[in-house]
Amino acid sequence: MVLWTAAGAATLGFLVALEIVARGYGFSGPITEQSREVIFAPESGPLLYGGLALTMVVLTWRQRLIALGIAAGVDVAFFLVRWALDADMNFGNGALWVVLGVAVLGLTRRTGQERLLLLKGTGLGLLLVAGHKTGDTWLLITSKTRATVLDAYVAAADHALADPSWLVGRFLNATAPVSTGILHVVYGQLPLAAALVGLYQLRRVAVERRFPAHHLVRTFLVIGLFGPAIYMIFPVVGPVFAYGTDGGAWATANLWPDVLPPVTDPQPIPFDGVTPRNCMPSLHTAWAVTLFIHSRDGSRAMRWAGTFWLVGTLTATLGFGYHYGADLLAGVVFALTIETAMRCSAHGWDRAGVRVVALGTAVFAAQLASYRWLPTEMAARPWLYGPLLLLVTGAVVYAYVRAARAARERERERKPGVPGQRPAPAEPAEPAEAAGTTGAAPTGTDDSQDPDATDAKPELV
């Protein structure tokens, strides 16, 4: 409970600080944007209902049906009022009301573990929405505070990787509109795919009355929290803006994806105060890698879907000109480092986990440093630096796979003795055997009502 209180206080402090910074630049922060959606038209109704879905993992099926009915009823009422007043139309207020209602229910009508469970569910749902709005605020801040971008440096370094954005961009142009239509859906619906995997992992919360120690949503939120901070250190807008038509008058030239940019001494490029500097690292890549990892424990269909979303997201980020190849490698290392840290924080730190986090942090820092201070050398010697970039990224992948496999084996060994789990039902004893053991205490409970007995409610994690 102390840990959750500290985490909540830290999150609130961060949101307040971000709100103050945003107000200083003349726009609303995440707290204001989320609060206004209690009454006014939300920006994203599906996102709010995704938050409601995550909150409902703590409810029974009957309670879920009631919650959905209330959410739909509130949205219908808001729709009619907005239609009558000719106001902006959207849905999702009902979902937010129900999420907040679950918190009120937990605070006023529940105690102990049940209260904590409902508050955790509410926090999970609200964090999904707040994380999205926090990311939007971060992006606005990057566009206002970073007057120049470092695309020329990353484009030069990308020559060592054979300019994959230009290559895939040409491929998509040649196969449009079929390829682009599919990839736009894959790229845009990555949060939906992640929500489905997260709901699958949390499907037994209502029965077991506890959350799993680690799940996809935790890593997703942390990636979205820390990733934009790197944007402030290494501002990049992407080839379609810096070298394509989307950059307008601010673009260096209209080169992407037909003409490779020349290798010259790179310099920071002045850019507008609107376009987000959201390339380094590629968070879409980081999220897709995390989705792929967590889909491995699902059904065969889920594993195939995780693979499809990973390949589709990587293709879209390059082919639409949103990222360079160097961004994707940084995104992979960033994702595996965060995922390992989140898994170790839940299950305990071991030597392998510490090594992966240390290696990932060092490789990520080396990638950013090389992109910034060695781009010309990397472009001049692609036969050396290209394989080297792939090698160090592959080393992090290999270290992660080994550590994750070892951790999974340890979890399997510990699983029969997890506190709070009911043991498998024993075979009924033979009459003669039962008669000879009538003096023994029954399995599962005793007269002292030991709180550690197996009939006690499982502890919340």
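**A guided reading of cavity, cores and helices**

In this predicted model, a search of the whole structure turns up one cavity of 30 Å³ or more. The space in the largest cavity comes to about 30 Å³, and the residues that line it are Leu48, Gly51, Leu52, Leu96, Val99, Gly125, Leu126 and Val129. Helix H3 (45-55), helix H5 (93-109) and helix H6 (112-145) are the elements that give two or more residues to this lining. By residue type, the lining of the largest cavity divides into six nonpolar, two polar and no charged residues.

Helix H3 is a natural place to continue. H3 is mostly covered, with eight of its eleven residues buried, and these are Gly45, Leu47, Leu48, Gly50, Gly51, Leu52, Leu54 and Thr55. The buried residues of H3 pack against helix H4 (61-85), H5, H6, H10 and H12.

From H3 the reader can pass to H12, where the end C-alpha atoms of the 18 residues are 27 Å apart, in agreement with the 26 Å that they should span at 1.5 Å a residue. The buried residues of H12 are Leu216, Val217, Thr219, Phe220, Val222, Ile223, Gly224, Gly227, Pro228, Ile230, Tyr231 and Met232, and what covers them includes H3, H6, H10, H14, H16 and helix H17 (351-373).

H14, one of the elements covering H12, occupies residues 283-295 and reaches 18 Å from its first C-alpha to its last, close to the 18 Å expected for its 13 residues at 1.5 Å a residue. Twelve of the 13 residues of H14 are buried, so that the helix is mostly covered; among them are Leu283, His284, Trp287, Leu291, Ile293 and His294. The buried residues of H14 pack against helix H9 (178-188), helix H10 (190-201), helix H12 (216-233), helix H15 (300-319), H16 and helix H19 (382-414).

The nonpolar cores give another view of the interior. In soluble globular proteins, nonpolar side chains tend to be buried together. In the largest nonpolar core, which has 68 residues, Tyr243 and Tyr371 touch the most other members. Helix H16 (residues 325-347) supplies the largest share of this core, ten residues. Apart from it lies another core, of 23 residues, and Leu48, Leu54, Ala71 and Val102 are among them. Leu48 also belongs to the lining of the largest cavity. Tyr243, when residues up to four places away in sequence are not counted, touches Asp151, Ala152, Ala155, Trp166, Thr252, Ala253, Asn254, Leu255, Trp256, Pro261, Ile269 and Tyr324.

Trp256, one of the residues that Tyr243 touches, leads to the backbone, since the peptide bond from Trp256 to Pro257 is cis, with omega near -5 degrees. Pro257 is placed in the loop between helix H13 (239-242) and strand E2 (269-270). A cis peptide bond also joins Met280 and Pro281, where omega is about 0 degrees, and Pro281 has its place in the loop between E2 and H14.

Two further loop residues deserve attention for their phi angles. Asp86, in the loop between H4 and H5, has phi near 55 degrees, a positive value in a residue other than glycine, and Asp86 is exposed, with a relative accessible area of 71%. Ala162, found in the loop between helix H7 (151-157) and helix H8 (164-175), has a positive phi of about 70 degrees although it is not a glycine. With a relative accessible area of 56%, Ala162 counts as exposed, because exposed means over 50%.

Definitions and conventions:
Residues numbered from 1 in each chain as written. Predicted model: local features only at pLDDT ≥ 70, side-chain atom pairs only at ≥ 80, totals over all residues. Heavy atoms only, no water. Core = buried A, V, L, I, M, F, W, Y, C linked by side-chain atoms within 4.5 Å. Buried < 20%, exposed > 50% of the residue type's maximum accessible area, 1.4 Å probe, protein only. Helix = DSSP H or I, 4+ residues; strand = E, 2+ residues; numbered from the N terminus. Contact = heavy atoms within 4.5 Å. 1 Å grid on protein atoms, 1.4 Å probe; cavity = no way out; pocket = protein on both sides within 12 Å on 5 of 7 lines; lining within 4 Å. Points joined across faces, edges and corners; volume = space filled by probe spheres on them. Nonpolar A, V, L, I, M, F, W, Y, C, P; charged D, E, K, R; others polar. Expected span 1.5 Å × (residues − 1).
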